Amino acid sequence: MLPEILALAGRTLAADAYSVWQYDDATGIWSVAARVGLSDEYVAAAMTAIRGNTATVSLDAPIVAEDIERTAWLTPEHRKAHAADGTRSMMALPLHYGERVLGTLVVYYGEPRSFSESEKSTAMLLANLAAAAIGTAELYQAQRRLAEDQRFVAEASELLASSLDYETTLSNLATLAVPRFADWCAIDMVGDDGSIHRLTVAHVDPEKVRWAQDLADQYPPDTSAPYGVPNVIRTQEPELFREIPDDLLREATADTPELYAILEALGLNSSMCVPLVARGRALGAITFVSAESGRRYEEADLATAQDLARRAAISVDNARLFREAEGSRREAQESLAVVDAVFAAAPVGLAFMDTSFRYVRVNEALAAMNGLPSEEHSGRTLRDVLGEDLASEIEPLHSQVLESGEPILDRYVEQALPTAPGETRNWLVGYYPVLDADENTIGVGVVITDVSEREQARAAAERAGARLAVLAEASQTLASTLDYESTLASLASLLVPRFADWYAVDIVDENGLFRRLAVVHSDPAKSEWAEKSRDLYPPDLEEDEGTGRAVRTGEAVLYRTISDELLASSTKDAAHNEILHQLGMASAMVVPLTAAGRTFGGLMLVSSDPARLYDEDDLEFAKHLGRRAAVAVDNARLYRAAEERARAAIVVEHVADGVLLVDQDEIIRLWNPAAEHITGLAAAETVGRSTAEVFSPWKTIAELAERGEPRPETQPVEINGRELWLSITGVGFEGGTVYAFRDLTAERAVEKLKSDFVSTVSHELRTPLAAIYGAALTLRREDVPLGEPQRMGLLEVIASESDRLARIVNDILWASRLESGTMQTTIQRCDGVAIARSVVDAARHYIPPSIELAIKAPKKAPLVAADPDKARQVLTNLVDNAVKYSPDGGRVIVEITVEGPQLRYAVHDDGLGVPPLEHRRIFEKFYRLDPDLTRGVGGTGLGLYISRGLLERMGGRIWVESSGTGGSTFLAELPIAAD
Ligand code: ADP
């Protein structure tokens, strides 16, 4: 439109240059809207200059400057600008449109000139035409914009209503605004925390959008600035900058000069910022900026923008409200779903009951407990589902919760399930009030937790603890004494009735026979039955079940439940069965008592209570107990054995018999003191040596044990260079042989003497008898004539041999009297010397000529207290022996001395003598030195025995002194008689 006006002016007014100035009546600013033939410099300078022009020029008529240099109403700057452009004169024609001044149409000339009236009126005409055209065009444009804006608002409104996704919607809104309503459109939103963030920036050029976004990121708005988005949001008041003054830009970018350069380059023209306010809250702000379009926002545009902002705010608010509602609805739905899931899958029983004890809802766990599908619970009452008894127990609890509004928590209940009536389980039950939104109690919530396992675990732990305690106590009891019989019995107090109703311990011996050590019943009335069962029906090794089996197999047996059949099959007869029935056998355990690999008994624990059935844990406990008991018994036995051995050792030590232990290698291992005494060999000399080294010969002794006869046998054996007669027995055992022996050497000698005596006596008797018999026969012969001397000689033989016979018989008689204690002695004062003289005188009659017999006696000797016959007998014996055992002749002297209170007779001879070792033994009965030592001199071995016996009875004594050769001296003493 304006270029056409300028072209028309050029054709009609023939000027050098033309322009249309526009006047903004809102701001009072003049600006060049179109031009021909004017330099940019002029336009810029003129536009600046005109602002500083304070002159008032009438715009009713053409304004002329015929010589610009001299035109006063132009400012010097303006004049200078004209001069620079070569303009010397000009004419400005006001453009009126109705009352409004739209601007001026200006024509310029290079020469000063005067304008004629006709020129002026032609120009005015032109101006009026142009003004009319501009005005109409403006009007039309305004209308079109209005229409466009309205369409924009309509479209925007539609857009805003289209979606609940307000972020996208607002972005679309911004895009919609560009370029129809603005060159730039930015939307900022207030976050939950009050911070402002840019939601969107729109521009036709996507490049610029990115750039603007970067800018916004880089230069966040100063929230405290007195204008701009933060201010609008803060104050909820819109801002309108019809134009964006340079000062404002500079001020706004005082801290960031580079931003200023950018903004200046953007050519920002006009801007509006309107708050998004809903329900009194600023949600954000929309900023419209015009730049390259040159659009200037007016109040009307601001109104449009505000209208748009209001709609947008409502839309955002709605979207947000919806979103919140949606969110909370979803949340509610989600939480309901969670509750449902938990309710359904909870391992605890859950139920909701109404106020009239009816099930409203139950979960699967509870339904399973009740044994009724969950859906079949609804509407049913407690009574319907649980039955009268249980319901009448539970209803008061529901009532209590409903009335008090207080929960009942963790009620502990032991109850079998209707689905499994046999099995008592443990429950924790809670009842709590269920309230509606108005806090009214609308029912009862029930939570049932099955704590059976927990309870069982707790009970098991408790039982285990108790078992441990018992084991500890049992160990102590068992270790406290070695008397295992009483200990095993005392275990009962630990076990009955805590672990068993009755208890029995049986021990089996080597022959497989059971002996009852203990049987204890918790019920004293039944104890007797228990005893009876064991006395009458002891276990036996062959039995299929029970103690016999456990001992036979060495394995523990658990009878968790004892059926009648089992009982019947393992009892011996009806009476036995009856006894066990009486005792009550619900469950039992038998454990073998095994120690050192040997099973020697069984321990039985019995429960008569069907509620107490033994399980593997109990069996394990019983095994432990059994092991400990077995070890205790074994220890006690070992101790006993050791004690017995110790006692045996003492016996061996003190026994009078010689005892020796010989091992399998025939090495002597034990040699007791009696053996030492008998043999004269110390243990140190024999232990460790072979038997053959000690005993000679050993073979015959070893044969004794091999024969396996415990009968002692008497054998001669040489030990330590001596011959001993030992009565010996030998008993073999796995480790060797034990021999016991007794020294029978002396007895053996006596035996020998006895047999010798018999032969001696027979011989001694036969000799005189033969002589007497021979003499008598000779005397009787009539064919042989005997002279008197011969006859007298024979008679003499008869007489002396008879005498000898009489003495032998006498000796035997006296010996037996001494032995039997029937020897009579009559002690009297008598002359010991006279007795000796008479004995010597008598002996002179029969001693051989080779013997010289003498007596030496003090002239005066005291009397002795003695039996004179017995004293004469003693002296006769001594003198006879002296003569007898001097076969080679010699002197026999009887010497009498007074030795203190005794009268001593010493009978010396030069005969065979007596070896010192035999000095004592020759006085023993029948003892005679062997024939070599006596050179065959006969005798009975009684003479000295009798002599000693007689002297002892008279208070005297007898002994011998002899080196063994060269004679001997026998000494006899008799007490001197008191005055
Ligand atoms: P007997 O003379 O009858 O044998 P005795 O009792 O009188 O019995 O003597 C016991 C033994 O003592 C004798 O056998 C003899 O060996 C020994 N005896 C006794 N008197 C003498 C003696 N004077 N000289 C040597 N030996 C004697």
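This note goes through the ligand site and then the salt bridges of the structure, which is a predicted model.

1. The ligand and its shell. The ligand is surrounded by 20 residues, and the closest of them are Asn881, Tyr885, Asp909, Arg928 and Leu944. Sorted by class, this shell consists of nine nonpolar, eight polar and three charged residues.

2. Where the shell comes from. Two helices, α28 (868-884) and α30 (943-953), each contribute at least two residues to the shell around the ligand, and the largest share, three residues, belongs to α28.

3. Polar approaches to the ligand. Oxygen atoms of the ligand are met both by a side chain and by the backbone: a polar side-chain atom of Lys884 lies 3.0 Å from one such oxygen atom, a backbone N or O atom of Gly941 is found 3.2 Å from an oxygen atom of the ligand, and for a backbone N or O atom of Leu944 the distance to an oxygen atom of the ligand is 2.6 Å. Of the 520 Å² of accessible area that the ligand has on its own, the protein covers 98%.

4. A salt bridge between two helices. The structure holds 40 salt bridges, and one of them joins the side chains of Glu395 and Arg383, with an N to O distance of 2.6 Å. Glu395 belongs to helix α13 (residues 388-404) and Arg383 to helix α12 (residues 382-386), so this pair ties together parts that are twelve residues apart in sequence. Glu395 counts as buried, because its relative accessibility of 13% falls under the 20% cut-off, whereas Arg383, at 29%, counts as partly exposed.

5. A second pair with a buried acid. The side chains of Asp663 and Arg669 also meet in a salt bridge, at 2.8 Å from N to O. Asp663 is buried, having a relative accessible area of 12%, while Arg669 is partly exposed, with a value of 47%.

6. A pair that spans a longer stretch of sequence, and a network. Glu819 forms a salt bridge with Lys925, and their closest N and O atoms are 1.8 Å apart. Glu819 lies in helix α26 (residues 788-820) and Lys925 in the loop between β31 (902-908) and α29 (931-934), so the pair ties together parts that are 106 residues apart in sequence. Glu819 is partly exposed, with a relative accessible area of 47%, and Lys925 is likewise partly exposed, at 22%. Elsewhere, Glu899, Arg904, Arg957 and Glu973 are joined into one network by salt bridges that share partners.

Key
Residues are numbered from 1 along each chain as its sequence is written. This is a predicted model: local features need pLDDT of at least 70, side-chain atom pairs count only at pLDDT 80 or more; totals for chains, interfaces and linings use all residues. Side-chain values use heavy atoms; hydrogens and water are left out. A residue is near a molecule or strand if one of its heavy atoms lies within 4 Å of it. A polar contact is a pair of N or O atoms within 3.5 Å; within protein, one must be able to donate a hydrogen and the other to accept it, and residues adjacent in sequence count only if both atoms are side-chain atoms. Accessible areas come from the Shrake-Rupley method with a 1.4 Å probe; for residues, only the protein chains shown count as cover. Helices (H or I, at least four residues) and strands (E, at least two) are DSSP runs, numbered from the N terminus. Ala, Val, Leu, Ile, Met, Phe, Trp, Tyr, Cys and Pro count as nonpolar, Asp, Glu, Lys and Arg as charged, and the others, Gly among them, as polar. A salt bridge is a side-chain nitrogen of Lys or Arg within 4 Å of a carboxyl oxygen of Asp or Glu. Buried means under 20% relative accessible area, exposed over 50%, partly exposed in between (1.4 Å probe, protein chains only).
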